[in-house]
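Subject: Structure handover, strand pairing

Hello,

The structure is below for your use. My notes on the strand pairing follow it.

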Amino acid sequence: RLDRTELHAPFSGVMGIRKVSPGDYLMAGQEIVNLEAINPMKVAFALPEVLLSVVQRGQNVVVQVDAFPDEEFPGEIYAIDPRIEASGRSVTLRALVPNPGGRLRPGLFARVDIIFERRENAVLIPERALVPIQSRQTVFVVENGIVSLRDVTLGGRRGGDVEITSGLSAGDTVITGGQLKLREGAAVVDAEKMMSPGA
């Protein structure tokens with residue numbers, strides 16, 4: 001009978017604050033203490049059903065929590081629910097996030113960014129720099145104080161920026177405002193250089 005007084009958890013973890021005191025009479029099923037497995041952490045989140053075709057197990061994610069607002073915690077998707085939620089038309093996913101220092105805790109609200117693809121040295125410009133002309137996408141580029149109109153090919157978009165896959169190089173100067181008043185070959189002056197001391 002004494003052997004039956006020992007409780008063995010099916011996993012390793014960290015014990016929380018006990019909810020009973022020595023000498024208390026315990027009922028069957030009564031909660032004694034919570035045990036949390038915190039390394040790695042499991043993060044559950046949902047995505048709209050339209051993104052189901054571009055997510056897969058093993059995909060990298062980056063997790064942010066309010067408790068550590070300036071830090072990012074990398075993880076990996078390990079499970080995708082086969083059922084689509086009828087109410088919100090979303091799919092539930094779970095990711096594993098390494099937590100060796102135990103800083104992340106169960107119950108934290110998390111924001112999850114999924115990394116679909118990494119492209120080194122991608123050229124990004126503000127979307128407001130684009131000048132659509134019929135089926136073409138163009139931008140005004142400044143070279144040696146002269147404006148020229150250049151055709152560009154667009155890639156992905158992110159937070160008000162758009163990737164340029166061809167037509168621009170890193171370091172090119174593009175105009176992001178007042179394009180309606182511009183014409184090809186017009187001369188422009190850098191206002192910041194004019195206002196700087198000694199200019």
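In these notes, two strands count as paired if DSSP finds at least two bridges between them. Strands are DSSP runs of E, at least two residues long, numbered from the N terminus. Please keep in mind that this is a predicted model.

Three-stranded sheet

One open sheet has 3 strands in the order β8-β13-β12, and their pairing is antiparallel. The edges are formed by β8 (123-126) and β12 (153-158), each of which pairs on one side only. From one strand to the next, the twist averages 35°.

Within this sheet, β12 and β13 (residues 161-166) run antiparallel and are joined by 4 bridges. Which residue of β13 stands opposite T153? The residue is S166.

Five-stranded sheet

Another open sheet is made of 5 strands, again with antiparallel pairing, in the order β3-β6-β5-β4-β7. Here β3 (41-48) and β7 (110-114) are the edge strands, and each pairs on one side only. Ignoring direction, neighbouring strands of this sheet are turned by 40° against each other on average.

The edge strand β3 is joined to β6 (residues 90-97) by 8 bridges, and the two run antiparallel. One of the residues involved is M41, whose bridge partner in β6 is V97.

To recap the strand orders for your own scripts: β8-β13-β12 for the sheet of 3 strands, and β3-β6-β5-β4-β7 for the sheet of 5 strands.

Regards

Definitions and conventions:
Residues numbered from 1 in each chain as written. Predicted model: local features only at pLDDT ≥ 70, side-chain atom pairs only at ≥ 80, totals over all residues. Heavy atoms only, no water. Axes fitted to C-alpha atoms, helices over the stretch in contact; angles between N-to-C directions.
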